[in-house]
Amino acid sequence: MAKLSIQQLSKTYSNGVKALDNINLEIENGLFGLLGPNGAGKSTLMRTLACLQEADSGTATLDEINILQDPSSLRKVLGYLPQEFGVYPRITAQQLLDHIAILKGISQRKERKELIEYLLHKVNLYEKRHKSVKGFSGGMKQRVGIAQALIGNPRLIIVDEPTAGLDPGERNRFHNLLADVGQNVIVLLSTHIVADVSELCTEMAIMNHGSIVYKGSPITAMDKIRGMVWQKTIERSELEHYQNDYVIISEKMVAGRPVIHIWSENDPANGFTRVEPNLEDVFFSHIHPTGTTLNPVN
Ligand code: ADP
Ligand code: MG
């Protein structure tokens with residue numbers, strides 16, 4: 001069982017933005033979801049763990065490897081899919097993977113060929129292996145991205161917002177691939193999409209303004225707020241009134257009318273019904289759309 005351990009990790013950019021504010025996390029095998037709105041600090045954390053940028057203070061270890069002190073050891077066991085993996089040369093999927101395998105030090109031609117055929121099958125792109133990656137759909141590009149991250153048998157795989165921009169079918173296929181990959185290694189997945197975490201992850205953390213505001217399992221998170229989430233369908237013109245009178249944790253349109261979820265420890269009456277909390281309620285009970293932290297239920 002591999003273990004990634006992050007202790008007191010902090011980073012302030014030169015413009016004064018505190019992107020990591022004393023991060024502490026213990027992560028074991030399986031899919032770990034790092035959920036947070038844009039600007040939370042997810043990519044900064046992931047680039048730091050991938051040794052692409054330095055932290056100001058703190059430590060991070062993967063089993064016996066001291067990540068921040070020994071980047072070359074870490075790189076040998078790391079697979080990384082950055083948030084912006086968008087620049088593709090005009091070469092085929094097979095050529096691209098072959099090129100990256102060479103960069104990762106797999107020098108035997110035959111070994112490379114077998115590995116790449118295996119990976120192309122795994123990510124379901126074998127039939128397209130002679131097609132230019134530039135012409136691939138978003139989902140196909142992300143699958144090439146996962147294939148390259150898997151080269152070299154990594155123990156830690158970091159994928160930064162891999163489902164952003166995928167259509168529902170592509171996203172579904174990508175979820176299945178991640179679940180398959182995540183069985184034997186640590187997969188650290190960042191996302192701002194709540195459903196990515198509820199569908200895939202047994203453990204998660206919610207990040208906001210550089211801090212971890214929740215860590216635990218999605219199920220425990222929902223248990224903790226059970227009884228405090230209330231729902232009502234209202235008229236669009238009433239929305240402002242409700243915003244003033246209640247702590248709204250989410251609002252969405254259902255058949256053209258707003259359905260609001262509010263946070264209340266007591267029965268708010270007034271036509272609200274208590275609902276079973278979902279992970280979106282968890283997310284918005286920690287992070288209000290305005291960015292403020294509402295209820296620090298840790
Ligand atoms: P996320 O991936 O969760 O959207 P980021 O790690 O990209 O968050 O950014 C966290 C915060 O740090 C944001 O406020 C962002 O504007 C800021 N930031 C990110 N990269 C830099 C940089 N190179 N220089 C200055 N500020 C940065
Ligand atoms: Mg990011």
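This report describes the overall fold, one helix, a magnesium site and a hairpin in a predicted model.

**Overall fold**

The chain contains 10 helices and 14 strands. Its C-alpha trace extends over about 70 × 45 × 35 Å along the principal axes. A compact globule of 298 residues would have a radius of gyration near 19 Å, and the value of 21 Å for the chain agrees with this. Of the 298 residues, 50% count as buried. Among contacts between residues at least 6 apart in sequence, 68% join residues at least 24 apart.

**Helix α4**

Helix α4 comprises the 14 residues 109-122. At 1.5 Å a residue the helix should span 20 Å, and its end C-alpha atoms are indeed 20 Å apart. Arg112, Ile116, Leu119 and Leu120 are its buried residues. Viewed down the helix axis, the buried residues of α4 fall within an arc of 100 degrees, so they line one face of the helix. This fits the general geometry: an α-helix has 3.6 residues a turn, so residues three or four places apart point the same way. The cover over the buried residues of α4 includes α3 (93-103) and α5 (138-150). Just after α4, Asn124 adopts a positive phi of about 60 degrees.

**Magnesium site**

The magnesium ion (ligand 2) has Ser43 (OG) and Gln83 (OE1) as its protein donors, at 2.1 to 2.2 Å. The pair links distant parts of the chain, with the two positions 40 residues apart in numbering: Ser43 belongs to helix α1 (residues 42-49), whereas Gln83 lies in the loop between β6 (78-81) and α3. Ser43 is buried, because its relative accessible area of 16% is under the 20% cut-off. Gln83, at 36%, counts as partly exposed.

The relative accessibilities of the two donors are set out below with that of Ser264, a residue discussed in the next section.

| Residue | Relative accessibility | Class |
|---|---|---|
| Ser43 | 16% | buried |
| Gln83 | 36% | partly exposed |
| Ser264 | 15% | buried |

**Hairpin β12-β13 and the loop that follows**

Strands β12 (residues 247-254) and β13 (residues 257-263) run antiparallel and are joined by seven bridges. Val254 stands opposite Arg257 in β13. The two strands form a hairpin with two residues between them, and Ala255 in the turn has a positive phi of about 50 degrees.

Ser264 is located in the loop between β13 and β14 (273-274). With a relative accessibility of 15%, Ser264 counts as buried. Leaving aside residues up to four places away in sequence, Ser264 touches Gly227, Met228 and Trp230.

Conventions
Residues numbered from 1 in each chain as written. Chains lettered and ligands numbered in written order. Predicted model: local features only at pLDDT ≥ 70, side-chain atom pairs only at ≥ 80, totals over all residues. Heavy atoms only, no water. Helix = DSSP H or I, 4+ residues; strand = E, 2+ residues; numbered from the N terminus. Expected span 1.5 Å × (residues − 1). Buried < 20%, exposed > 50% of the residue type's maximum accessible area, 1.4 Å probe, protein only. Arc of directions from axis to C-beta. Contact = heavy atoms within 4.5 Å. Donors = N, O, S within 2.8 Å, 3.2 Å for Na, K, Ca; no water. Pairing = 2+ DSSP bridges. Rg over C-alpha atoms; globule rule 2.2 N^0.38 Å.
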